[in-house]
Amino acid sequence: MLGIKTAADLRDMEPRRARQVLTVVGERIVYELRGLSCLPLDLAPAPRKTTAVTRSFGQPVMEWEAMREAVSAYATRATEKLRTEGLAAEALQVFMHTSPFRPGPSYSNACTVELRPATDDTFATIAAATAGARRIWRDGFAYSKAGVILAGLVPIAKVQPDLLNAADRARGARLMAAMDAINRTMGRDTLVPASTVGRAWRMRQEQRSPSYTTELADVPVVRA
């Protein structure tokens, strides 16, 4: 109806007419085709500001030891994400709460712990997460969910080194690199911190769909 069949036709369209029938976006496209920049060009995605691992428990958690294992596992997974992107965290928040849909007393709380200097070391984030969780833990509640959020993310290369702990940081970096290499080669969770070992708090996944694209054992077998 408009007689536009090519990009050249759209370029030559009267901008006001383009705005009427194609909205302001259409008008901008016309100007762009004429060489006038109207739309910003994103050459790279915006840097990540936080990363989080949160899960609902497979069954209510009422013992501190199970909660400690859970937040340790979440801190481990969140820190692994950091290292894959070459980032470090300046702060960590841990939270836990009961379910609003279950009978019994309700409770919800969170705690933020500064990480100085910023770190991508799993054992440092586990220590911070368990310390924060211990502060907000209250006995007598049936917790349904917890999580760990890493914030203040910065490139690890820009972290100001601590001269007093330079040797410890170097050893930690080598250990993290070794853990990541083993887990990439042998499979996730082949090598994990002992504090993350536990099952009672894990999500129920009996009805989970097979991982057709990521797990060789789940690939369907066609029989003649």
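**Close-up views of a predicted model**

**View 1. A salt bridge joins the side chains of D180 and R83.** The N to O distance is 2.7 Å. The pair links distant parts of the chain, 97 residues apart. D180 belongs to helix α5 (residues 166-186), and R83 to helix α3. Both D180 and R83 are buried. The model shown here and in the other views is predicted.

**View 2. The whole chain holds 5 helices and 5 strands.** Their order along the sequence is α-α-β-α-β-β-α-β-β-α. The chain has 224 residues, of which 34% are buried. Of the contacts between residues at least 6 apart in sequence, 72% join residues at least 24 apart. About 14700 Å² of the chain is exposed, and carbon and sulfur atoms account for 55% of that area.

**View 3. The largest nonpolar core contains 34 residues.** M67, Y143 and V148 have the most contacts inside this core. Six elements are listed as giving at least two residues each: β1 (50-61), α3 (64-84), β2 (87-98), β3 (108-119), α4 (122-136) and β4 (143-151). Helix α3 gives the largest share, 10 residues.

**View 4. M67 and its partners beyond four places in sequence.** M67 is in contact with F57, V61, M96, W137, Y143 and A146. Among these, Y143 is also one of the core residues with the most contacts.

**View 5. W64 and W137 form an edge-to-face aromatic pair.** Their ring centres are 5.8 Å apart. The planes meet at 65°, over the 60 degrees required, so the pair counts as edge-to-face. W64 lies in helix α3, and W137 in the loop between α4 and β4. The two are 73 residues apart. Both W64 and W137 are buried.

**View 6. Y107 and F141 form a stacked aromatic pair.** The ring centres are 5.0 Å apart. The planes differ by 25°, under the limit of 30 degrees, so this pair counts as stacked. Y107 sits in the loop between β2 and β3, and F141 in the loop between α4 and β4. They are 34 residues apart. Y107 has a relative accessible area of 15% and is buried. F141, at 16%, is buried as well.

**View 7. Five aromatic residues form one cluster.** The members are W64, Y107, W137, F141 and Y143. The structure as a whole has 5 aromatic pairs.

**View 8. E65 and R68 form a salt bridge within helix α3.** The N to O distance is 2.2 Å. The residues are 3 apart in the helix, so about one helical turn separates them. E65 is partly exposed, at 40% relative accessibility. R68 is also partly exposed, with a relative accessible area of 22%.

**View 9. R11 and D12 form a salt bridge.** The N to O distance is 3.0 Å. R11 is partly exposed, at 34% relative accessible area. D12 reaches 53% and therefore counts as exposed, the cut-off being over 50%. The whole structure contains 6 salt bridges.

**View 10. A nonpolar patch on the surface is made of L2, I4, V21 and L22.** Together these residues have about 270 Å² of accessible area. V21 lies in helix α2 (residues 15-33). The relative accessible area of V21 is 35%, so this residue is partly exposed.

Methods. Residues numbered from 1 in each chain as written. Predicted model: local features only at pLDDT ≥ 70, side-chain atom pairs only at ≥ 80, totals over all residues. Heavy atoms only, no water. Helix = DSSP H or I, 4+ residues; strand = E, 2+ residues; numbered from the N terminus. Buried < 20%, exposed > 50% of the residue type's maximum accessible area, 1.4 Å probe, protein only. Contact = heavy atoms within 4.5 Å. Areas by Shrake-Rupley, 256 points an atom, 1.4 Å probe, with all protein chains shown as cover. Core = buried A, V, L, I, M, F, W, Y, C linked by side-chain atoms within 4.5 Å. Patch = residues over 30% accessible without salt bridge, like charges linked within 9 Å, V, L, I, M, F, W, Y side chains within 5 Å. Salt bridge = Lys/Arg side-chain N within 4 Å of Asp/Glu carboxyl O. Phe/Tyr/Trp six-rings, centres within 6.5 Å; stacked < 30°, edge-to-face > 60°.
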